[in-house]
Amino acid sequence: TMPESTTRSIMVETSKDEAYASFNRFYKSYIYAINAYNGSYITDCTPQVRSDMVERFEINKKSLFDLKSIDFDESTVNAREVGGGVEYTFFVNCKTMLYNRVTYEQKSLNYSCWQVTVRYENGTYQVTEMIRDNDHIMSANLHTVYDSEELF
């Protein structure tokens, strides 16, 4: 962990909010890609992250997903300079409603917790790592983004 003053100076030059926005765009594209069963729809990430997330399609092939919200755990945000860029790491908890892919019948709420790395370099933010961690306990210091787009 970097000293707080160093982290603050990095965050002045880049933007934690933009890192969050990049993750939000990425995750929405991932949900859209699952529902369409087409990995090419996944954006705002590295080819490796896209490939890793497409592998999850098999696990989720019986369901459609409707994103409800993403909680960003403000207590876990860390920014560090890495080789000409800045990497933000933080935890998120993504809440989605699951539906049966064939009947569209509502099944259940799904919560997935991830440790995320978003890299800023050359004016672009992209997700470079996603580690599933449903054992992480989110703090009370949350920034929540709600998704109002209906699935169908």
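# Close-up views of side-chain contacts

**View 1. R56 is a buried charge without a salt-bridge partner.** In this predicted model, R56 is buried yet forms no salt bridge. The nearest side chain of opposite charge is E55, and E55 is 8.4 Å away. A salt bridge needs a side-chain nitrogen of Lys or Arg within 4 Å of a carboxyl oxygen of Asp or Glu. R56 is placed in the loop between α3 and α4 (57-60). What does R56 touch, leaving aside its neighbours within four places in sequence? R56 is in contact with Y30, W114 and R132. Two of these contacts, W114 and R132, return in View 2. Y30 returns in View 3.

**View 2. An arginine sits over a tryptophan ring: R132 and W114.** R132 lies over the face of W114. The distance from the ring centre is 5.2 Å. Both R132 and W114 are also in contact with R56.

**View 3. F26 and Y30 stack within one helix.** A search of the whole structure finds 12 aromatic pairs. One of them joins F26 and Y30, and this pair is stacked. The ring centres are 6.5 Å apart, with 5° between the planes. Both residues lie in helix α2 (residues 16-36). F26 and Y30 are 4 residues apart, about one turn of the helix. Are these two residues buried or exposed? F26 counts as buried, because its relative accessibility is 0%. Y30 counts as buried too, at 3% relative accessibility.

**View 4. F72 and F90 form a tilted pair between two strands.** The ring centres of F72 and F90 are 5.8 Å apart. Their planes meet at 55°, so the pair is tilted. Where do the two residues lie? F72 is in strand β1 (residues 63-73), and F90 is in strand β3 (residues 85-100). The pair therefore ties together parts that are 18 residues apart in sequence. F72 is buried, with a relative accessible area of 0%. F90 is buried as well, at 1%.

**View 5. Ring pairs build a cluster.** Which residues do the ring pairs link? The cluster holds Y20, F23, F26, Y27, Y30, F72 and F90. The stacked pair of F26 and Y30 and the tilted pair of F72 and F90 thus appear here again. Helix α2 supplies F26 and Y30. Strands β1 and β3 supply F72 and F90.

**View 6. R25 and D44 form a salt bridge between distant parts of the chain.** A search of the whole structure finds 9 salt bridges. One of them pairs R25 with D44. The closest N and O atoms are 3.1 Å apart. R25 belongs to helix α2, and D44 to the loop between α2 and α3 (47-55). The two residues are 19 residues apart. R25 is partly exposed, with a relative accessible area of 39%. D44 also counts as partly exposed, at 22% relative accessibility.

**View 7. K61 meets E58 in a salt bridge.** The N to O distance between these side chains is 2.7 Å. K61 counts as partly exposed, at 38% relative accessibility. E58 counts as partly exposed too, at 47%.

**View 8. R119 and E121 pair within a network.** R119 forms a salt bridge with E121, and their closest N and O atoms are 3.0 Å apart. R119 is buried, with a relative accessible area of 14%. E121 counts as partly exposed, at 30% relative accessibility. Which residues share the network? Salt bridges with shared partners join R80, E87, R119 and E121.

**View 9. C94 and C113 are not bonded.** How many disulfides does a search of the whole structure find? The search finds 0. The sulfur of C94 has its closest cysteine sulfur in C113, 8.2 Å away, so the two are too far apart for a bond. The cut-off for a disulfide is 2.5 Å between the sulfur atoms. C94 is buried, with a relative accessible area of 0%. C113 counts as buried at 5% relative accessibility.

**View 10. T124 and K16 are compared in sequence and in space.** T124 is found in strand β5 (residues 124-132). T124 counts as partly exposed, at 45% relative accessibility. T124 and K16 are 108 residues apart in sequence. In space they are 13 Å apart, C-alpha to C-alpha.

Technical notes: Residues are numbered from 1 along each chain as its sequence is written. This is a predicted model: local features need pLDDT of at least 70, side-chain atom pairs count only at pLDDT 80 or more; totals for chains, interfaces and linings use all residues. Side-chain values use heavy atoms; hydrogens and water are left out. Rings of Phe, Tyr and Trp (its six-membered ring) pair if their centres lie within 6.5 Å; planes under 30 degrees apart count as stacked, over 60 as edge-to-face and the rest as tilted. Buried means under 20% relative accessible area, exposed over 50%, partly exposed in between (1.4 Å probe, protein chains only). A charge sits over a ring if NZ of Lys or CZ of Arg is within 6 Å of the ring centre and within 35 degrees of the ring normal. Lys and Arg count as positive and Asp and Glu as negative; His and the chain ends are not counted. Contact means heavy atoms within 4.5 Å.
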